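Thanks for coming. I will walk through one structure this morning, starting from a single residue and working outwards.

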Amino acid sequence: MYLDSLSIQGLRCLERVELSLDSKRNVFIGDNGAGKTSLLEAIYLLGRGHSFRTANSRRLIQDERDQCVVRAQVQNAHGRLPVGILKTADATRVKLGQDTGIKLSELARACPVLVLEPGQHRLVEDGPVLRRRFLDWSVFHVEHAYHEEWRRFSRALKQRNALLRTAQHAMLPTWTRELVSAALKVDQFRRQVFQELLPLINHLLTCFLGEEHGLRIQYRSGWLADSSLEEQYAKQLSQDVERGFTQSGPHRAEIRVSVERHAARDSLSRGQQKLLITAMLLGQAQHFAQRNGISPILLIDDLGSELGQGARATLYEFLKSYSGQIFVTALDADQIPDEWNKVAKMFHVKHGSIEAMV
Ligand SMILES: Nc1ncnc2c1ncn2[C@@H]1O[C@H](COP(=O)(O)OP(=O)(O)OP(=O)(O)O)[C@@H](O)[C@H]1O
């Protein structure tokens with residue numbers, strides 16, 4: 001699966017861009033502020049429905065415009081599929097083939113994409129939400145029943161929370177039973193996928209940080225391990241009523257990353273954090289490929305920045321054997337592995353316009 005061509009209109013400084021792409025490696029070189037990250041943002045938008053830099057679509061849309069549009073031809077095992085996404089300040093419209101009104105989940109399946117970019121230190125530094133999303137991306141892409149179970153869980157949680165806030169609790173046992181049933185499924189999927197991901201990530205951590213890295217990554221379900229979820233809901237009922245929400249469950253799950261009992265965010269340097277995140281994302285890409293037989297699109301912003309020589313060599317080695325399509329940005333061509341000069345398609349980015357180098 002890869003993007004054959006790409007068209008962008010009205011996204012940040014990219015007024016109108018039309019590109020014919022290489023199925024494997026595409027490199028974008030340009031000065032600060034030229035529009036390189038915006039290009040990656042456009043591709044990410046196609047596969048995720050939102051930006052990795054902002055939750056506010058208005059910022060993504062070029063000043064003076066009221067919408068941005070990204071279109072691509074996806075080449076997959078069944079042939080060519082046109083995909084497109086249009087964003088206004090408060091709406092998103094998706095097109096797959098000739099069909100409009102498509103759900104974002106369908107777009108995500110057609111165009112799986114992962115990004116490695118400087119802002120991702122938040123994956124380590126922020127609370128559990130981003131790490132849950134990290135795991136859920138993998139679960140969604142390898143366990144197709146997961147999405148429905150997650151929706152069932154979210155619906156039951158919403159209903160239970162609404163009931164907790166009223167004085168009418170007659171339906172509470174029914175929705176609690178539904179919540180427990182969906183929660184256990186969600187947890188089971190997550191736990192299984194986490195077990196598959198972990199050895200891949202650990203192997204990459206060893207490559208990047210050496211045998212003695214001391215990092216430990218654990219999955220926590222979102223409720224205490226010493227009793228069943230049903231028992232915990234029974235025990236916590238009066239507190240849940242008092243607070244007006246359900247305190248335990250998959251919505252409180254966590255991927256805990258620690259070094260010698262300390263949270264990773266308190267004990268790793270910025271560079272080590274970057275290596276940890278790189279290992280997590282590359283492990284995720286490998287896992288996707290093992291389970292689906294195809295590799296997701298990899299977006300790498302500012303290739304090689306903040307990495308020492310050894311780590312950079314490990315990353316280049318990984319990318320060399322990566323079978324999926326890769327998009328990288330860099331300030332200078334000398335940040336790009338030498339052997340790529342012959343095989344990659346090179347583009348020059350300047351003031352929001354992008355030209356293939358000849
Ligand atoms: N909504 C917008 N409308 C128009 N221009 C915008 C908008 N948002 C950002 N820009 C401009 O887009 C330009 C491109 O930024 P981008 O982050 O893509 O650059 P970059 O090439 O990745 O730079 P760097 O190497 O410094 O990260 C910036 O100059 C920024 O001012």
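Start at Ala 34, which counts as buried because 21 C-beta neighbours lie inside 10 Å, and the cut-off for buried is 20 or more. Before going further, please keep in mind that this is a predicted model.

Where is Ala 34 placed? Ala 34 sits in the loop between E3 and H1. What does Ala 34 touch, once its neighbours within four places in sequence are left aside? The contacts are Val 349, Lys 350 and His 351.

Asn 32 is in the loop between strand E3, residues 25-30, and helix H1, residues 36-48. Is Asn 32 buried or exposed? Asn 32 is exposed, because 6 other C-beta atoms lie within 10 Å and the limit for exposed is 12 or fewer.

There is an annotation here. The unreviewed UniProt entry places a "binding site" feature at Gly 30, Asp 31, Asn 32, Gly 33, Ala 34, Gly 35, Lys 36 and Thr 37. The buried Ala 34 and the exposed Asn 32 are both on that list.

From the same record comes a second feature, "domain: RecF/RecN/SMC N-terminal", at residues 2-353, again from an unreviewed entry. Over residues 2-353, the chain is 45% helix and 23% strand. The end C-alpha atoms of that stretch are 22 Å apart.

Now the domains. The domain assignment gives domain 1, made of 1-112 + 296-358, and domain 2, which is 126-292. Their centres, taken over C-alpha atoms, are separated by 29 Å. Across the boundary, 11 residues of domain 1 are in contact with 13 residues of domain 2. Which element gives the largest share of the domain 1 side? That is H12, with four residues.

Just after H12 we can stop at Ser 323, in the loop between helix H12, residues 309-320, and strand E13, residues 326-330. Ser 323 is exposed, with 10 other C-beta atoms within 10 Å. Leaving aside neighbours within four places in sequence, Ser 323 is in contact with Ala 289 and Ser 295. Ser 323 and Leu 40 are 283 residues apart in sequence, and their C-alpha atoms are 19 Å apart in space.

Next, the interior. In general, nonpolar side chains in soluble globular proteins tend to be buried together. Here the largest nonpolar core has 88 residues. Which members touch the most others? They are Ile 43, Val 70, Leu 276, Ala 279 and Leu 299. Helix H7, residues 172-209, gives the most to this core, with 12 residues. The core draws at least three residues from each of domain 1 and domain 2.

Take Ala 279 from that group. Not counting residues up to four places away in sequence, Ala 279 touches Ile 201, Leu 204, Leu 205 and Phe 208.

Helix H11 covers residues 270-292, which is 23 residues. From its first C-alpha to its last, H11 reaches 33 Å, close to the 33 Å expected at 1.5 Å a residue. After H11 comes Gly 293, whose phi is positive, near 75 degrees.

That leaves the strands. Strand E1, residues 2-11, and strand E4, residues 68-76, run antiparallel and are joined by seven bridges. Within that pairing, Ser 5 has Gln 73 in E4 as its bridge partner. E4 also runs antiparallel to strand E5, residues 79-87, with nine bridges between them. Ala 72 is bridged to Val 83 in E5. The connection from E4 to E5 is a hairpin through two residues.

Elsewhere there is an open sheet of three strands in the order E9-E10-E11, with antiparallel pairing. Why do E9 and E11 each have one side left without a neighbour in the sheet? Strand E9, 215-220, and strand E11, 262-263, stand at the edges, so each has a single partner strand. E9 pairs with strand E10, residues 254-259, over six bridges. One of the partners here is Ser 258 in E10, which bridges to Arg 216.

Last stop: Leu 224, in the loop between E9 and helix H8, residues 229-235. Leu 224 counts as partly exposed, with 13 C-beta neighbours inside 10 Å. Leu 224 is 24 residues from Ser 248 in sequence, with 8.4 Å between their C-alpha atoms.

That is the tour. I will take questions now.

Notes
Residues numbered from 1 in each chain as written. Predicted model: local features only at pLDDT ≥ 70, side-chain atom pairs only at ≥ 80, totals over all residues. Expected span 1.5 Å × (residues − 1). Pairing = 2+ DSSP bridges. UniProt positions renumbered as here; feature names shortened; annotations may be inferred. Contact = placed C-beta atoms within 7 Å. Core = buried A, V, L, I, M, F, W, Y, C linked by C-beta atoms within 7 Å. Domains from an automatic or database assignment.
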